[in-house]
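Here are a few exercises to work through with the model open beside you. Try each task before you read its solution.

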Amino acid sequence: MPKKILMSVSMRCEKCRSEALKIGAKTTGVTFVGIEGEEKDKVVVIGEGVDAACLVVRLRKKVGFADIISVTDVDDT
């Protein structure tokens, strides 16, 4: 079953946002990557078999502070 992972990432510029989206898209099993929030500071990743902890570690290395807010099941209907 696909999971929706919502993460808070400190993205100070457009280059940081672009890098965060690239990292999410390169992750195995991801079907959707997007940015949410009023301040465009939350990254949403939807996919099957995605390791949320590994994804956050990669975001921290390349972009900056990142934290998992929630991991929920996605309804396919």
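**Exercise 1: the surroundings of Arg17**

Leaving out neighbours up to four places away in sequence, Arg17 is in contact (heavy atoms within 4.5 Å) with Met11, Ile35, Glu39 and Lys40. Before going on, note that this is a predicted model, where local features need pLDDT of at least 70 and side-chain atom pairs count only at pLDDT 80 or more, while totals for chains, interfaces and linings use all residues. Residues are numbered from 1 along each chain as its sequence is written, and side-chain values use heavy atoms, with hydrogens and water left out.

Task: place Arg17, Lys40 and Ile35, and decide whether each is buried, partly exposed or exposed.

Solution, step by step:

- Start with Arg17, which sits in helix H1. Helices (H or I, at least four residues) and strands (E, at least two) are DSSP runs, numbered from the N terminus.
- Arg17 has a relative accessible area of 17%, so it is buried. Buried means under 20% relative accessible area, exposed over 50%, and partly exposed in between (1.4 Å probe, protein chains only).
- Go on to Lys40, in the loop between E2 and E3. Its relative accessibility is 45%, so Lys40 counts as partly exposed. Check its backbone too: phi of Lys40 is near 55 degrees, a positive value in a residue other than glycine.
- Finish with Ile35, which belongs to strand E2. At a relative accessible area of 25%, Ile35 is partly exposed. Setting aside residues up to four places away, Ile35 touches Arg17, Leu21, Lys40 and Lys42.

**Exercise 2: the buried side of H2**

Task: find which residues of H2 are buried, and what they pack against.

Solution, step by step:

- Go through helix H2 (residues 52-62): the buried ones are Ala52, Leu55, Val56 and Leu59.
- Now look down the axis. These residues cover an arc of only 100 degrees, which puts them on the same side of H2; the arc is taken from the directions from the helix axis to the C-beta atoms. As background, an α-helix has 3.6 residues a turn, so residues three or four places apart point the same way.
- Next, see what that side faces. The buried residues of H2 pack against strand E1 (3-9), helix H1 (14-26), strand E3 (42-47) and strand E4 (66-73).
- Don't skip the end of the helix: H2 is followed by Gly64, with a positive phi near 145 degrees.

**Exercise 3: how H1 meets H2**

Task: work out how H1 and H2 are oriented, and which residues meet.

Solution, step by step:

- Take the axes, lines fitted to C-alpha atoms over the stretch in contact, with angles from 0 to 180 degrees between N-to-C directions. H1 and H2 pack at about 150 degrees, and their axes are 10 Å apart.
- That makes H1 roughly antiparallel to H2, because angles under 35 degrees count as roughly parallel, over 145 as roughly antiparallel, 65 to 115 as roughly perpendicular and the rest as oblique.
- Pick out the residues: Glu19, Ala20, Ile23 and Gly24 in H1 meet Leu55, Arg58, Leu59 and Lys62 in H2.
- Last, try Thr27, in the loop between H1 and strand E2 (30-36). With 9% relative accessibility, Thr27 counts as buried. Not counting residues up to four places away in sequence, Thr27 touches Val50, Leu55 and Arg58.
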